[in-house]
Structures are given as C-alpha cells and as structure tokens.
Amino acid sequence: MSATAATDEVLIARIAQGDRLAMQVLYGRHQVRVFRFGLRLVRDEQIAEDLISEVFLDVWRQAGKFEGRSAVSTWLLAITRFKALSALRRRKDAELEDEAANAIEDTSDNPEVAVTKKNTGDALRKCLTALSAEHREIIDLVYYHEKSVEEVAEIVGIPENTVKTRLFYARKKLAELLKAAGVERGWP
C-alpha cells in the first residue's frame, strides 16, 4: 500500500508538471474505483461515466495543489463524492425516483433461494439501497473501498466520531434489514 501511495504521489507531481503519460497511468490505476464509487452514489451509469471525466479533468488542473495530506486514492474519492453530489443536486427528481422504487414490493425472493451465496449477495445489495444515503456512503467507503475511519472523515468532510456513529447505526440497520430479508449472520 505505501509503495503504491508513493507512486501515486510521484504521478501527481509529474501531472502537475504537465506529464500526460503520468496522467494516463493514474487514470488506468484508479478509473474503475472512481467509476464504482460514483455509480453507487448517483445510481446511473451514464452520469458515473461523466463523473470519471470530470474527476480526472480536475486532477489534471489541480495536481499542483495536492498537498499530500492524504492518500491520492482518498483525494480522488473526495473529488468523486463532490462531483456526484453536484450531479445529484442537478437531478432533483432522483430522490423521488429512489423512494418510488423502494416502495415497490419485491415478490421474487423466496426462503429456499435466499440461502445461496448469489442471492445472499443480492439481498445484501438490496438492503444496502434501503439505507439512508449517509449510511450507504459510509458502508461503501469502509467495506468496499477499505478506507479507514480517518480517511472516510476526510472524504465526506465530517468528524471521525460522526463517521463512527454513522457506521454503528448503518451496521445495526443493515443487520435488521438482512434479518427481515431472511439472511442470518452466518454467510453460506
């Protein structure tokens, strides 16, 4: 991890000097992570694709301002989050669509099928979408992007204790949702 972080920092320094090859390497290394995080926030593939372009354009323009107080990957996710929230603000009806989608009852799952690994994963993803945006974001950063509480606090722009509190309540709510969906703690 530390070797990668040092390499990313070197790339950022080279990008600040206008090195296009360094930009290509950084893009290749982080585009999937940026896309997936953006997609989880905006829930629209086209918007998530647009976010990649916006994030890396910002990196190209702002590389000289990177101070190295965090990992480059943390900086990229913070930019992605900002861009995603801006995109959601522009798409004001997105929350209404989510509420309507969540209100539709899903009758396709049955208890026999829910015990398989695939359906357990499906149930988990479905339960994650039922969490509030704040809780879903914290779970995403901690478990899918493997960010520390400190890094999450920096990305989201909230105190570490708030991250811990949200993580606690998100886990509790997720456990309740999974139990209601027929998924007990032991994974198959």
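Arginine 43 lies in the loop between H2 and H3, where helices are DSSP runs of H or I with at least four residues, strands are runs of E with at least two, and both are numbered from the N terminus. Arginine 43 is not a glycine, yet it has a positive phi of about 55°. With a relative accessible area of 30%, arginine 43 is partly exposed; buried means under 20% relative accessible area, exposed over 50%, and partly exposed in between, with a 1.4 Å probe and protein chains only.

This is a predicted model, in which local features need pLDDT of at least 70 and side-chain atom pairs count only at pLDDT 80 or more, while totals for chains, interfaces and linings use all residues. Residues are numbered from 1 along each chain as its sequence is written, and side-chain values use heavy atoms, with hydrogens and water left out.

## Overall make-up

The protein chain contains ten helices and zero strands. Of its 188 residues, 39% count as buried. Contact means heavy atoms within 4.5 Å. Among contacts in the protein chain between residues at least 6 apart in sequence, 62% join residues at least 24 apart.

## Helix H2

Helix H2 covers residues 20-42. Its 23 residues would reach 33 Å as a straight helix at 1.5 Å a residue, but the end C-alpha atoms are only 29 Å apart. The expected span is 1.5 Å times one less than the number of residues. H2 has a kink of about 50° centred on histidine 30; the bend at a residue is the angle between axes fitted to the seven residues ending there and the seven starting there.

Histidine 30 is also one of the buried residues of H2, which include Met23, Leu26, Val34, Phe35 and Leu41. At the start of H2, a side-chain oxygen of aspartate 19 comes within 2.9 Å of the backbone nitrogen of leucine 21. Just after H2 comes arginine 43 with its positive phi.

## Helix H8 and the loops after it

For the twelve residues of H8, 1.5 Å a residue gives a span of 16 Å, and the end C-alpha atoms are 15 Å apart, which agrees. Buried residues in H8 include His135, Arg136, Glu137, Ile138 and Asp140.

Glutamate 137 is buried, with a relative accessible area of 5%. Not counting residues up to four places away in sequence, glutamate 137 touches Leu41, Arg81 and Val156. Under the same exclusion, isoleucine 138 touches Val152, Val156, Ile158, Val163, Arg166 and Leu167.

Glutamate 146 lies in the loop between H8 and H9. Glutamate 146 has a positive phi of about 55° although it is not a glycine, and at 68% relative accessibility it counts as exposed. In the loop between H9 and H10 lies proline 159, which counts as exposed at 53% relative accessibility. Proline 159 and valine 149 are ten residues apart in sequence, and their C-alpha atoms are 9.4 Å apart.

## The nonpolar core

In soluble globular proteins, nonpolar side chains tend to be buried together. The largest nonpolar core here has 48 residues; such a core is a set of buried Ala, Val, Leu, Ile, Met, Phe, Trp, Tyr and Cys residues joined through side-chain atoms within 4.5 Å. Those with the most contacts inside it are Ile12, Ile15, Leu26, Phe56, Val59 and Ile138. The helices that each supply at least two residues of this core include H1 (2-16), H2, H3 (45-62), H4 (72-90) and H8 (133-144).

## Aromatic pairs

The structure holds three aromatic pairs, two of which are tabulated below. Rings of Phe, Tyr and Trp (its six-membered ring) pair if their centres lie within 6.5 Å; planes under 30 degrees apart count as stacked, over 60 as edge-to-face and the rest as tilted.

| Pair | Centre to centre | Angle between planes | Type |
|---|---|---|---|
| Tyrosine 27 and phenylalanine 56 | 4.9 Å | 70° | edge-to-face |
| Phenylalanine 66 and tryptophan 75 | 4.8 Å | 45° | tilted |

Tyrosine 27 lies in helix H2 and phenylalanine 56 in helix H3, so this pair ties together parts that are 29 residues apart in sequence. Tyrosine 27 is partly exposed at 32% relative accessible area, whereas phenylalanine 56 is buried at 4%. In the tilted pair, both phenylalanine 66 and tryptophan 75 are buried.

Note on methods
Polar contact = N/O pair within 3.5 Å; in protein donor to acceptor, adjacent residues only side chain to side chain.
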